[in-house]
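Could you walk me through this protein in the viewer, one selection at a time? I would like to know what to click on next and what I will find there.

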Amino acid sequence: QVQLVESGGGLVQPGGSLRLSCAASGSILSIYAMGWYRQAPGKQRELVADIGSGGGTNYADSVKGRFTISRDNAKNTVYLRMNSLKPEDTAVYYCYADVRPESLGTIRRYWGQGTQVTVAS
C-alpha cells in the first residue's frame with residue numbers, strides 16, 4: 001500500500017507565501033511523475049504543476065512565475081513553493097504520485113488527502 005501525506009496549507013494574506021509538502025511512503029519501487037492539482041469551490045480540479053522523475057516541470061499559466069515545484073527523490077517528497085499568492089489561488093490542493101509498487105505491478109496514481117489554502121486579508 002502507498003500513502004501520500006500533505007502538509008503546509010493554511011491562511012495567508014494576498015502577496016504572501018506558503019510551501020506545501022507531500023511525502024509518499026509504503027511499498028514503493030519507483031516514483032515517476034509527481035505533482036499538484038487544486039480544486040476551488042464550484043470549480044473543476046485543475047493541474048497546478050507537475051515534475052518528472054528527471055526534474056522536468058510543467059506549470060499552469062495562472063501560476064507561472066509565482067509557484068515552483070521541486071522534489072527530493074531520496075525522501076519521496078514533492079514540494080510546491082507558492083509566492084505572490086492571490087485570492088484566486090484559494091483552493092484545496094491535492095498532490096499525486098505515479099508509483100510502481102514493490103510487487104512490480106502496474107504504475108498507479110496515488111493521491112494525497114488534500115490541504116486547504118486560503119488567501120484572504
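Let's start with the whole chain. From the N terminus on, the elements run β-β-β-β-β-β-β-β-β-β-β. In other words, the protein has 11 strands and zero helices. Keep in mind that you are looking at a predicted model.

**Stop 1: the whole protein**

Show the C-alpha trace and turn it around slowly. Along its principal axes, the trace spans about 50 × 25 × 25 Å. The radius of gyration is 14 Å, close to the 14 Å that the globule rule gives for 121 residues, so the protein is as compact as a globular protein of that length. Now colour the residues by accessibility: buried residues make up 41% of the 121 residues. If you switch on contacts, take those between residues at least 6 apart in sequence; 56% of them join residues at least 24 apart.

**Stop 2: a sheet of four strands**

Next, switch to the cartoon view and pick out strands 1, 3, 8 and 7. They form an open sheet in the order 1-3-8-7, with antiparallel pairing. Which strands stand at the edges? Select residues 2–7 for strand 1 and residues 67–72 for strand 7: each of these edge strands has a single partner strand, so one side of each is left without a neighbour in the sheet. Look at the sheet from different angles, and you can see that its neighbouring strands are turned by 15 degrees against each other on average, direction ignored.

A short reminder helps here. Strands of a sheet pair through backbone hydrogen bonds, and the pairing can be parallel or antiparallel.

Now zoom in on one pair inside this sheet. Select residues 18–26, which are strand 3, and residues 77–82, which are strand 8; the two pair in the antiparallel sense over six bridges. To find one of these spots, click on A23 and look across to strand 8, where its bridge partner is T77.

**Stop 3: the disulfide**

Show the side chains of C22 and C95. They form a disulfide, with their sulfur atoms 2.0 Å apart. How many disulfides does the protein have? The count comes to one. C22 lies in strand 3 and C95 in strand 9, so the pair ties together parts that are 73 residues apart in sequence.

As a reminder, a disulfide is a covalent bond between the sulfur atoms of two cysteines.

Rotate the view until you look along the bond between the two sulfurs. The torsion about the S-S bond of C22 and C95 is about 55 degrees, so the disulfide is right-handed. Are these cysteines buried or exposed? C22 is buried, with a relative accessible area of 0%, and C95 is buried with a relative accessible area of 0% as well.

**Stop 4: salt bridges**

The count of salt bridges comes to five. Begin with D89, and show R38 along with it: the two form a salt bridge whose closest N and O atoms are 3.0 Å apart. D89 lies in the loop between strand 8 and strand 9 (91–101), while R38 is in strand 4 (residues 28–39), so the pair ties together parts that are 51 residues apart in sequence. Both D89 and R38 are buried.

Stay on D89 and add R66. Their side chains meet in a salt bridge too, at 2.8 Å from N to O. R66 is in the loop between strand 6 (57–59) and strand 7, so this pair ties together parts that are 23 residues apart in sequence. R66 is buried, like D89. Now add E46 to your selection, and you have a network of salt bridges that links R38, E46, R66 and D89.

For a contrast, move to D61 and K64. They form a salt bridge with the closest N and O atoms 3.1 Å apart, and here both residues are exposed.

**Stop 5: two loop residues**

Finish with the backbone. Select N76, found in the loop between strand 7 and strand 8. Its phi is near 50 degrees, a positive value in a residue other than glycine. N76 is partly exposed, with a relative accessible area of 24%.

Then jump to S84, in the loop between strand 8 and strand 9. S84 also has a positive phi, of about 50 degrees, although it is not a glycine. At 40% relative accessibility, S84 counts as partly exposed.

Notes. Residues numbered from 1 in each chain as written. Predicted model: local features only at pLDDT ≥ 70, side-chain atom pairs only at ≥ 80, totals over all residues. Heavy atoms only, no water. Pairing = 2+ DSSP bridges. Axes fitted to C-alpha atoms, helices over the stretch in contact; angles between N-to-C directions. Salt bridge = Lys/Arg side-chain N within 4 Å of Asp/Glu carboxyl O. Buried < 20%, exposed > 50% of the residue type's maximum accessible area, 1.4 Å probe, protein only. Disulfide = S-S within 2.5 Å. Rg over C-alpha atoms; globule rule 2.2 N^0.38 Å. Contact = heavy atoms within 4.5 Å.
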